[in-house]
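Q: I should like to learn how to read a ligand site and the empty spaces in a protein. Could the structure be shown first?

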Amino acid sequence: MGPSRHARKEWWRSAVIYQVYVRSFADGDGDGTGDLAGVRTRLPYLAELGVDALWFNPWYLSPMKDGGYDVADYRAVDPAFGTLAEAEKLIAEARELGIRTIVDIVPNHVSDQHPWFRAALAAGPGSPERELFHFRRGRGEHGELPPNDWPSQFVGSTEPVWKRLPDGDWYLHLFTPEQPDLNWAHPAVRQEHQDILRFWFELGVAGVRIDSAALLAKDPSLPDLADAPHPHPFIDRDELHDIYRSWRAVADEYDGMFVGEVWLPDAERFARYLRPDELHTAFNFSFLSCPWDAGRLRTAIDTTLAEHAPVGAPATWVLCNHDVTRTVTRYGRADTGFDFAKKAFGTPTDLALGTRRARAAALLSLALPGSVYLYQGEELGLPEADIPRDRVEDPMYFRSGGTDPGRDGCRVPLPWAAEAPYAGFGGEPWLPQPADWPEYAADRQAADPASMLSLYRAAIGLRPAFGDGPLTWLPAPEGVLAFARAEGVLCVVNLADESAGLPPHTELLLTSGPLDEDGRLPTDTAVWLRG
Ligand code: ISL
């Protein structure tokens with residue numbers, strides 16, 4: 001299938017998609033929590049930024065034990081965020097501005113307050129209600145030991161994935177105990193999610209992000225990982241592909257798209273989720289995790305393109321999200337890669353360096369073929385915030401025994417207006433904002449042509465110049481990435497220690513920072529050229 005056939009309908013092949021963490025985006029009612037009213041007032045900002053779609057982290061009814069990834073009702077909006085009617089309005093208003101909506105579905109687990117789990121607790125051991133989850137008797141003489149040895153999916157967590165009830169049964173929760181895992185071998189679980197997908201597509205959403213997409217299926221005998229590591233008892237099991245084929249059939253009825261959260265190191269296994277009758281796209285975590293190193297980045301890009309080509313799926317380019325360290329902070333560290341297992345309090349960073357690199361990385365990712373995800377605040381160059389320990393909310397911190405700093409540092413409410421209280425977020429934010437937050441405010445950056453926001457606006461505006469053709473690497477000195485796209489537009493990124501000459505060109509379209517006085521590209525700088 002050539003690009004022309006995709007061009008009209010398959011918008012997701014080359015979209016710029018902006019991730020909205022509603023709780024921290026904009027607070028419309030002044031209670032310190034971001035909400036849909038806040039998002040609606042900022043739609044013009046998002047339109048001006050030029051994004052094609054918004055991905056909203058879960059906005060459903062939730063006790064918020066894991067930032068909304070503990071869903072009590074998949075068809076209701078949490079009152080802290082607004083109402084379903086408001087969500088519907090938001091979806092329609094965004095669409096009027098040419099912006100599509102992607103919702104976030106959490107199929108691996110529900111909240112322990114979900115009616116299904118409450119019914120399962122009430123019904124007791126051996127009941128059909130418990131078959132919707134993974135309930136088991138424990139091991140040991142009195143069933144006092146967990147049923148198996150599975151590790152938590154919060155990397156760094158020292159806590160078990162089983163919780164024992166007073167009636168003696170244990171239940172499985174790969175994340176917090178407030179997030180019991182569903183049993184995907186049960187037909188009612190499958191049916192319910194088909195209905196949930198329809199519900200949101202009917203409401204007008206254009207796509208669905210699938211949370212923890214590679215974890216749903218479990219080996220029914222729940223064996224010890226130590227005894228049965230292959231195939232893995234709960235990661236990337238073959239049964240998943242059937243599930244996603246049935247989901248795809250629903251999406252196709254609505255012309256909807258999927259983006260899967262699939263963390264898998266094996267490129268070939270990853271690509272299996274992107275076969276033509278499965279998911280349309282999946283997040284590129286190898287790019288996100290990649291250190292700021294020309295060779296490593298080039299390999300990540302080549303591997304990505306090579307793995308997507310045979311299945312005909314577009315690549316995605318992601319630098320950060322609500323789970324990982326913010327880009328400017330990561331790129332200013334000695335270790336510029338991202339790894340959940342290596343997160344630690346007090347890792348030093350050089351923010352000026354990190355910001356320079358993040359600006360170059362923005363031009364790199366926006367020049368690559370495929371779609372780009374942008375996490376709120378990335379366009380403002382926000383750093384990872386230090387959250388005082390007594391204000392941390394993220395369960396990842398608590399479940400690691402306080403060694404993992406958690407993910408709150410990238411979830412701090414956004415600064416909109418430098419002069420306003422709480423930098424214009426709204427009421428006193430649910431997480432404290434750092435003292436220098438006003439310096440990053442959107443209004444200040446909008447007025448500054450050299451700001452990160454101005455760079456993103458310009459880059460997103462110019463991006464169509466690259467067209468949707470393939471990428472061709474150009475000869476370049478060591479440490480420099482240079483490539484052309486079919487339309488003759490070039491991107492050059494200098495990760496070497498010294499400045500680099502530019503390839504022949506007719507026009508300089510955009511730079512992430514000034515060229516030096518000889519017209520050369522300084523270290524940690526990127527440029528877009530017309531060849
Ligand atoms: O730890 C991981 C990678 O090695 C991931 O697989 C981890 O499972 C992933 O970050 C899952 O994240 C998603 O589901 C979680 C939620 O807390 C996150 O915010 C969400 O993005 C549970 O729903």
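The dialogue below takes up the ligand, its contacts and the cavities.

Q: Which residues are the closest to the ligand?
A: One begins by listing the residues that have a heavy atom within 4 Å of the ligand. In this predicted model, 18 residues surround the ligand, and D66, H109, D211, D323 and R407 are the closest.

Q: What classes of residue make up the shell around the ligand?
A: One sorts the shell by class. Here the shell holds 7 charged, 6 nonpolar and 5 polar residues. Domain 1 (13–108 + 187–460) and domain 2 (115–172) each supply at least three residues to the shell.

Q: Which side chains have a polar atom lying 3.2 Å or 2.9 Å from an oxygen atom of the ligand?
A: For polar contacts, one looks for pairs of N or O atoms within 3.5 Å. A polar side-chain atom of S212 is 3.2 Å from a ligand oxygen, and for R407 the distance is 2.9 Å. The side chain of E261 also places an N or O atom 3.1 Å from an oxygen atom of the ligand.

Q: How much of the ligand does the protein bury?
A: One compares the ligand taken alone with the ligand in place. Alone, the ligand exposes 510 Å², of which the protein buries 90%. The ligand occupies the second largest pocket.

Q: How many cavities of 30 Å³ or more are there?
A: A cavity differs from a pocket in that a probe fits inside but cannot get out. The count is 3 cavities of 30 Å³ or more. The largest cavity holds about 60 Å³ of space, and its lining includes L319, R326, E378 and Y456.

Definitions and conventions
Residues are numbered from 1 along each chain as its sequence is written. This is a predicted model: local features need pLDDT of at least 70, side-chain atom pairs count only at pLDDT 80 or more; totals for chains, interfaces and linings use all residues. Side-chain values use heavy atoms; hydrogens and water are left out. A polar contact is a pair of N or O atoms within 3.5 Å; within protein, one must be able to donate a hydrogen and the other to accept it, and residues adjacent in sequence count only if both atoms are side-chain atoms. Accessible areas come from the Shrake-Rupley method with a 1.4 Å probe; for residues, only the protein chains shown count as cover. On a 1 Å grid over the protein atoms alone, a cavity is a set of points where a 1.4 Å probe fits but cannot get out, and a pocket is an open set with protein on both sides within 12 Å along at least five of seven lines; lining residues have an atom within 4 Å of a point. A molecule sits in a cavity or pocket if more than half of its atoms lie within 2 Å of its grid points. Ala, Val, Leu, Ile, Met, Phe, Trp, Tyr, Cys and Pro count as nonpolar, Asp, Glu, Lys and Arg as charged, and the others, Gly among them, as polar. Domain bounds come from an automatic or database domain assignment. Grid points are joined across faces, edges and corners, and a volume is the space filled by probe spheres set on the points.
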